[in-house]
Amino acid sequence: MGKLLFVVLAGIAGAALLHIIIILSIPSYADRDVWTRINALGPADFFHILPPDKVDGLTTANPFLRSAVCRFDISDEAARISASGLTHYWSLSIFDPAANEIYSMNDRTATDKKLDIAVVTPLQMIEFRKNLPESLADTVLIEFPKSTGYVVLRTVAPDASWNTIVRAFLNNAQCSGVSSY
């Protein structure tokens, strides 16, 4: 009976110590999430091209992928994301601040391989359905459940000769607000 009591008390003490260590270490990990790193890149409504050689949770170790990220806030106006130009392949993913993927598409599913979407809140979607501006006639409207999020645009550079083309594609990508609806 004494050995059993000793084992139970040792287990409780070990679990308590482990929980204390975890709770005390949380502040050191709190600023390492993706949303915090994206906020540190710079202003919203602008594509920030990520370096291809740095693997930090935002980029991958794939040497052929090039990425750009844009943070948006659609509480006042919708966000319009567009890109066009020569590229071997592109894909787009939209995430909420908790890094949950809400929507994704690629050039194989886009009309004429052009990227032209608007990210809207449910209330903005109702307004757009009532009166869609002519400038958004060919734009895909995506209803987003939150007011903030980020877009990751990826493209492929199959070899070094594509680097200039891929960089031009990512530099020309637009992430801006849609003020009129």
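Select leucine 4: at 55% relative accessibility, leucine 4 counts as exposed. Exposed means over 50% relative accessible area, buried under 20%, and partly exposed in between, with a 1.4 Å probe and protein chains only. This is a predicted model, where local features need pLDDT of at least 70, side-chain atom pairs count only at pLDDT 80 or more, and totals for chains, interfaces and linings use all residues. Residues are numbered from 1 along each chain as its sequence is written, and side-chain values use heavy atoms, without hydrogens and water.

**Stop 1: the patch**

Show helix 1, residues 2-30, which holds leucine 4. Helices are DSSP runs of H or I with at least four residues; strands are runs of E with at least two, and numbering starts at the N terminus. Now add Met1, Leu5, Val8, Leu9 and Ile12 to Leu4: together they make a nonpolar surface patch of about 680 Å². Patch members have over 30% relative accessible area and no salt bridge; nonpolar side chains are joined within 5 Å, like charges within 9 Å. A salt bridge here puts a side-chain nitrogen of Lys or Arg within 4 Å of a carboxyl oxygen of Asp or Glu. The areas come from the Shrake-Rupley method with a 1.4 Å probe.

**Stop 2: the sheet**

Select strands 7, 6, 3 and 9. In that order, the four form an open sheet with mixed pairing. Strand 7 (140-143) and strand 9 are the edges; each has a single partner strand, so one side of each lacks a neighbour in the sheet. On average, neighbouring strands of this sheet are turned by 25° against each other, direction ignored. Axes for such angles are lines fitted to C-alpha atoms, and angles run from 0 to 180 degrees between N-to-C directions.

Next, strand 3, residues 78-83. It pairs with strand 9 (residues 174-178) in the antiparallel sense over five bridges. Five bridges also join strand 3 to strand 6 (residues 115-120), again antiparallel. Pairing requires at least two DSSP bridges between the strands.

Click isoleucine 81. What is its bridge partner in strand 9? Cysteine 175. In strand 6, isoleucine 81 stands opposite isoleucine 117. Then go to alanine 83, whose bridge partner in strand 6 is leucine 115.

**Stop 3: the disulfide**

Stay on cysteine 175 and add cysteine 70. They form a disulfide, with sulfur atoms 1.9 Å apart; the cut-off is a pair of cysteine sulfur atoms within 2.5 Å. The link joins distant parts of the chain: cysteine 70 lies in strand 2 (residues 65-73) and cysteine 175 in strand 9, 105 residues apart. The angle about the S-S bond is -70°, a left-handed link. Are these cysteines buried or exposed? Cysteine 70 and cysteine 175 are both buried.
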